[in-house]
Amino acid sequence: MRPALKGVALLYLTFLLVIPVTLIFYRTFENGIQPVIDGLTDPATIHAFQITAVVAFWAVIANTIFGVTTAILLVRHDFRGKRVLNALIDLPLAVSPVIVGLALILVYGSTTGIGQTLSGIGVKVIFSIPGMVMATIFVCIPLVVRAVAPVLEEIGDDQEQAAATLGAGPVQTFLRITLPSIRGALAYGVVLALARSLGEYGAVAVVSGRLVGRTQTVTLLVQERYLNFDQETAYACALLLVVTAVLALIVSRLLAPKEITR
Amino acid sequence: MTSTNPAGAGVSLLPRATPAPPATPKRRPLHGSGQAIGLGFVVLYLSLIVLIPLAAVVAKGQENGFSGFWKAVTTPEAASTLKLTIGASLVVALINAVMGTLIAWVLVRERVPGRALLDALIDLPFALPTIVAGLALLTVYGTQSPVGLDIAYTRLAVVVALLFVTLPFVVRTVQPVLLELDTEMEQAAASLGAGPATIFFRIVLPNIVPAIAAGTALSFARAMSEFGSTVLISGNLPFKTQVASVHIFNQLEGDNLAGAAAVSTVLLVVSLVVLVALDLLQRWAARRG
Amino acid sequence: MIMGFWRGKRRVASVTLAAAVLMGLSGCASTEPDTEAAASSSEGKTVELSLVAYSTPQAAFEEIIAAFQQTDAGKNVKFTQSYGGSGDQSRAVEAGLPADFVMFSLETDMTRLVDAGMVDAGWNSDEQKGMITDSTVALVTRKGNPEGIKDWSDLTKKGVEVITPNPFASGGARWNLMAGYGAQVTNGASEAEGEQYLADLLANVPVQDESARASLQTFTGGKGDVLIGYENEAIFAQQNGQDIDYVVPDSTILIENPAAITSTTKHPKEAQAFLDFVHGEEAQKIFAENGYRPVVEGADTAGQDFPEPTGLFTIDDLGGWDEVATKFFDADKGIVTDIERNLGVSVEK
């Protein structure tokens with residue numbers, strides 16, 4: 001019985017995950033390595049990687065701060081509306097990427113009150129990097145919270161209470177005790193958020209304005225290259241994104257203590 | 001024995017299988033400027049990025065009054081895509097509940113060659129741009145399938161695409177719980193003669209139901225909103241394989257913002273209902289345990 | 001505890017290092033205009049124009065911009081470029097995407113901007129009525145045309161799989177369907193017969209992609225017997241090594257793609273100069289090299305074979321886009337909407 005179940009699981013994973021991913025590798029190098037190198041060293045590609053890096057960086061930083069704060073609030077505190085907050089955290093997952101862009105434009109576009117106020121002080125949100133960061137943050141909101149909260153729950157606050165009775169202030173307690181105790185889960189959550197930020201297409205596409213060399217992320221480039229029959233560049237970029245994400249995941253697993261992996 | 005779960009949906013319940021009364025983490029009532037600042041920050045952040053923009057969408061959907069909203073949501077196309085999307089997402093969520101648990105079990109308890117790599121690969125659907133996922137699935141399961149399985153442009157293709165993007169959810173919520181599970185009780189049951197099925201259903205399962213519920217909720221929500229990978233492989237036939245997010249896209253293309261917003265609102269409400277339902281399921285399971 | 005603290009510190013250090021690296025990269029990717037200018041002149045300020053267009057003319061515009069920058073009028077001009085679905089781009093400009101020069105696939109996408117006050121109502125009062133490229137709707141087949149597709153009537157035969165995009169998402173699909181309809185109606189069929197043709201045609205469509213380019217990909221990926229598409233797309237595909245052939249049927253529609261400068265441009269002089277250049281011989285020849293039919297009389301077609309269909313008609317012959325969009329593609333009552341519903345209902349059963 002057990003070997004059969006094991007076989008079913010492995011078969012499922014093979015057909016759903018392994019074969020498609022292997023195919024990406026294959027399609028990338030189908031015509032040799034030169035087109036891959038050409039594609040990856042094209043200026044538009046390099047710009048796209050830089051822009052993706054910037055957007056992902058800010059989105060991950062913002063979501064990490066948000067995620068840790070929210071996790072602590074949900075696990076260690078009681079307040080009115082906690083259940084509402086908890087349900088809202090997962091909601092961004094259910095929003096179609098098409099709508100994310102629309103929603104942000106409806107509020108921050110240059111034709112709205114807020115948009116005009118912001119551009120009055122020189123801040124461009126939509127069709128610029130800040131809007132793309134917001135769209136990316138939107139889709140990543142649950143990730144850090146849901147990685148950290150279970151671990152906070154599991155560890156319990158005995159040590160934090162002990163530190164308090166010994167006279168440590170909240171900030172000290174947080175930095176010296178809470179943070180180190182969740183570092184594995186935090187690393188994992190950060191890496192998931194990073195992976196998601198790298199791979200987001202739909203939400204960013206709408207708010208980016210698709211300015212070549214300015215607001216074109218790697219996923220937008222992949223789409224555009226693919227549609228222009230430049231499959232090699234498209235697959236090469238996609239592969240690079242995937243490899244980055246997988247490496248980051250493996251690194252986070254090496255750093256993670258036992259609560260994530262055995 | 002399980003600890004109370006104040007964090008609600010999405011948080012895996014880490015059970016204490018020992019007979020000693022569990023140490024309940026104390027909950028501090030919210031007071032003091034530190035907590036207030038924290039809460040203020042969190043609420044502001046969520047409002048600026050999620051709540052206000054989504055409210056704007058809902059408001060847009062009401063632009064033509066409730067009758068306009070209702071009309072946009074009950075056109076034959078909209079109704080058809082909503083049925084397909086909600087139906088497919090439910091199917092996918094249920095499949096994930098079963099397969100995700102199974103995969104988590106295999107990864108935690110069984111020896112598998114290349115397990116570490118396989119484990120890392122599970123998160124891949126997060127990182128893959130949806131167009132690449134769609135392309136990969138189309139190549140494997142489309143007209144030029146190397147494994148001889150051509151299911152492209154069918155409803156089955158929609159389900160397969162959704163299964164791909166939701167793969168990590170249940171696996172990742174169940175895994176930590178399984179890791180923490182003390183096997184003492186299982187061993188005790190086995191020594192008393194219980195078969196593996198009994199052990200699983202009577203001892204293991206009750207402890208992981210909340211985690212399964214959490215992961216299933218997440219995968220349902222995610223499936224409802226998926227766009228990129230389904231578009232490619234489903235063929236996007238109206239009334240047959242067109243999912244709601246694509247319908248929304250078409251409405252936008254046709255300058256029918258209010259209609260697009262109306263259908264999106266329905267998707268949001270349905271997801272919220274499912275999220276809350278599964279949250280309640282978790283609480284119930286926690287109290288029972 | 002002490003060990004944990006130090007490990008934490010090392011992690012903080014490495015994260016900070018990574019952050020510094022990323023910040024460095026971000027410095028290179030600022031959204032300010034590049035200071036390494038393509039403009040060579042030392043006098044004359046560098047002007048930046050924003051070009052927003054639909055997706056297919058990207059390759060052509062890249063060349064045209066380079067050619068423009070070699071001229072006197074263009075030597076101090078830099079460009080930002082944006083390409084995407086015609087409707088998407090039009091809506092983006094309406095929502096505030098800065099644009100000096102716009103080009104779309106459908107006239108209704110330009111009209112949207114006219115209504116929003118962003119394009120002058122007189123944009124199409126010139127000789128070419130505001131259009132800068134032409135094309136036709138062609139029938140794209142596998143190399144060698146094994147199915148022997150020659151004309152519109154072949155598309156409604158039993159068992160033929162026709163690929164055309166979703167007409168509610170893609171402007172290209174609308175051109176396609178109106179070409180098929182118009183081919184019936186301009187050859188003596190009644191409107192009812194024309195509508196029946198559309199119904200028969202759509203019944204043979206197994207896949208409805210979201211854009212014309214995506215449907216081209218679906219076809220080259222192996223699905224379908226024939227693709228309805230722009231002639232210039234077919235030429236583009238062939239130039240990129242795809243194994244396809246195409247047929248321009250005797251009766252087909254003339255696709256006309258509009259372009260204009262915006263009324264919100266901050267550089268009207270330079271933008272107009274670019275628009276004039278685009279109407280000029282050199283640019284029209286570049287368009288021809290990329291598979292578009294020039295709009296200017298007597299322009300060099302760069303050796304392309306553009307067959308002249310005997311029954312060429314325009315959208316105006318069918319009532320113009322405004323009327324057609326309402327009559328055929330209205331989301332509630334359009335003729336095509338009805339057809340899709342009837343097909344869907346029968347399929348759902």
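What distance separates the centres of domain 1 of chain B and domain 2 of chain B, taken over C-alpha atoms? The answer is 27 Å. Keep in mind as you look around that this is a predicted model.

Let's stay with chain B for a moment. Its domain 1 covers residues 33-62, and its domain 2 runs over 65-288. Where these two domains of chain B touch, domain 1 contributes 6 residues and domain 2 contributes 9 residues. On the domain 1 side of this contact in chain B, you will find 3 nonpolar residues, 2 polar ones and 1 charged one.

Now turn to the place where the chains meet. Chain B brings 81 residues to the contact, and chain A brings 82 residues. On the chain B side, the element that gives the most is helix α1 (residues 32-61), with 16 residues. Sorted by class, the side of chain B that touches chain A holds 59 nonpolar residues, along with 13 polar and 9 charged ones.

Chain A is next on our walk. It contains 13 helices and 1 strand. If you follow chain A along its sequence, the elements come in the order α-α-α-β-α-α-α-α-α-α-α-α-α-α, so to speak your trail map for tracing the chain. The C-alpha atoms of chain A fit a box of roughly 65 × 65 × 30 Å, taken along the principal axes.

Finally, a look inside chain A. Of its 262 residues, 58% are buried. Among the contacts in chain A with a separation of 6 or more, 76% join residues that lie 24 or more positions apart.

Definitions and conventions. Residues numbered from 1 in each chain as written. Chains lettered and ligands numbered in written order. Predicted model: local features only at pLDDT ≥ 70, side-chain atom pairs only at ≥ 80, totals over all residues. Contact = placed C-beta atoms within 7 Å. Helix = DSSP H or I, 4+ residues; strand = E, 2+ residues; numbered from the N terminus. Nonpolar A, V, L, I, M, F, W, Y, C, P; charged D, E, K, R; others polar. Domains from an automatic or database assignment. Buried ≥ 20, exposed ≤ 12 C-beta atoms within 10 Å, placed from the backbone.
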